[in-house]
Amino acid sequence: MEQRISLVTLGVTDLSRSRAFYERLGWRGQEVEQTVFFQAGGLAVVLWGRDKLADDADLADRGTDGFGGLSLAQNVRSRAEVDEVLRQAAEAGARVTRPARETFYGGYAGYFTDPDGHLWEIAWNPGFALAEDGTLTVPDLRG
């Protein structure tokens, strides 16, 4: 298996509400057959009915909301951009779960949840430089 992620699919309870939320953040997507696709750098974020996603994976949706042990993250270019993205998210209807603050790794980050409870971290990390197109390449961390 290649070390790559192509799509991240978020199971949502109300496709229109979720699409509107991400569009209020400035994202632009395409809807095809009740599925919304957003280009996100070198991968795609997909919104699809939670029930359809569970059915497609042959899983029972237990309907548990809240922390699921997973977060999506967007690294940005500055502390100020962290604050701006969190502000935009709150205005779009997100719940900021942790306002931005200094991190243990010398960066600055905060968290929000989208309307379906999907957790997002918005972070500035001085050790993870972003290319002009926003691509992140993990640096050599071995010291």
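Colleague: What makes strands S6 and S7 a pair in this model?

Modeller: The model is predicted. In it, 5 bridges join S6 (residues 95-102) to S7, and the two run antiparallel. Pairing takes at least two bridges, so these strands qualify. Glu102 stands opposite Tyr108 in S7.

Colleague: How do you know that S7 and S8 pair?

Modeller: They share 6 bridges, in the antiparallel sense. The cut-off is at least two, so S7 and S8 count as paired. Gly110 has Ile122 in S8 as its bridge partner. In the hairpin of S7 and S8, Gly117 takes a positive phi near 85 degrees.

Colleague: Why is Asn125 called buried?

Modeller: Its relative accessibility is 15%. Buried means under 20%, so Asn125 is in that class. Asn125 is found in the segment after strand S8 (119-124).

Colleague: What does Asn125 touch, not counting residues up to four places away in sequence?

Modeller: Asn75 and Tyr105. In addition, a polar atom of the Asn125 side chain lies 2.8 Å from the backbone nitrogen of Gly127.

Colleague: What makes Glu31 and Arg19 a salt bridge?

Modeller: Their side chains meet at 3.1 Å, N to O. The limit is within 4 Å, so the pair counts. Glu31 sits in strand S2 (residues 29-32) and Arg19 in helix H1 (residues 15-24), so this pair links distant parts of the chain. Arg19, Glu23 and Glu31 are linked in a network of salt bridges.

Colleague: Why is Glu31 called partly exposed?

Modeller: Glu31 has a relative accessible area of 42%. That is neither under 20% nor over 50%, so partly exposed is the right term.

Colleague: How do you know that Asp61 and Arg50 form a salt bridge?

Modeller: The closest N and O atoms are 2.8 Å apart. That is within 4 Å, so the call holds. Asp61 is in the loop between helix H2 (50-56) and strand S5 (72-75), while Arg50 is in helix H2. Arg50 has a relative accessible area of 21%, over the 20% limit for buried, so Arg50 is partly exposed.

Colleague: What separates Glu91 and Arg87 in helix H3?

Modeller: About one helical turn, because they are 4 residues apart in helix H3 (residues 79-92). Their side chains meet in a salt bridge at 2.6 Å, N to O.

Colleague: Why is Glu91 called exposed, but Arg87 partly exposed?

Modeller: Exposed means over 50%. Glu91 has 58%, so Glu91 is exposed. Arg87 has 37%, between the two limits, so Arg87 is partly exposed.

How values were computed: Residues are numbered from 1 along each chain as its sequence is written. This is a predicted model: local features need pLDDT of at least 70, side-chain atom pairs count only at pLDDT 80 or more; totals for chains, interfaces and linings use all residues. Side-chain values use heavy atoms; hydrogens and water are left out. Buried means under 20% relative accessible area, exposed over 50%, partly exposed in between (1.4 Å probe, protein chains only). Contact means heavy atoms within 4.5 Å. A polar contact is a pair of N or O atoms within 3.5 Å; within protein, one must be able to donate a hydrogen and the other to accept it, and residues adjacent in sequence count only if both atoms are side-chain atoms.
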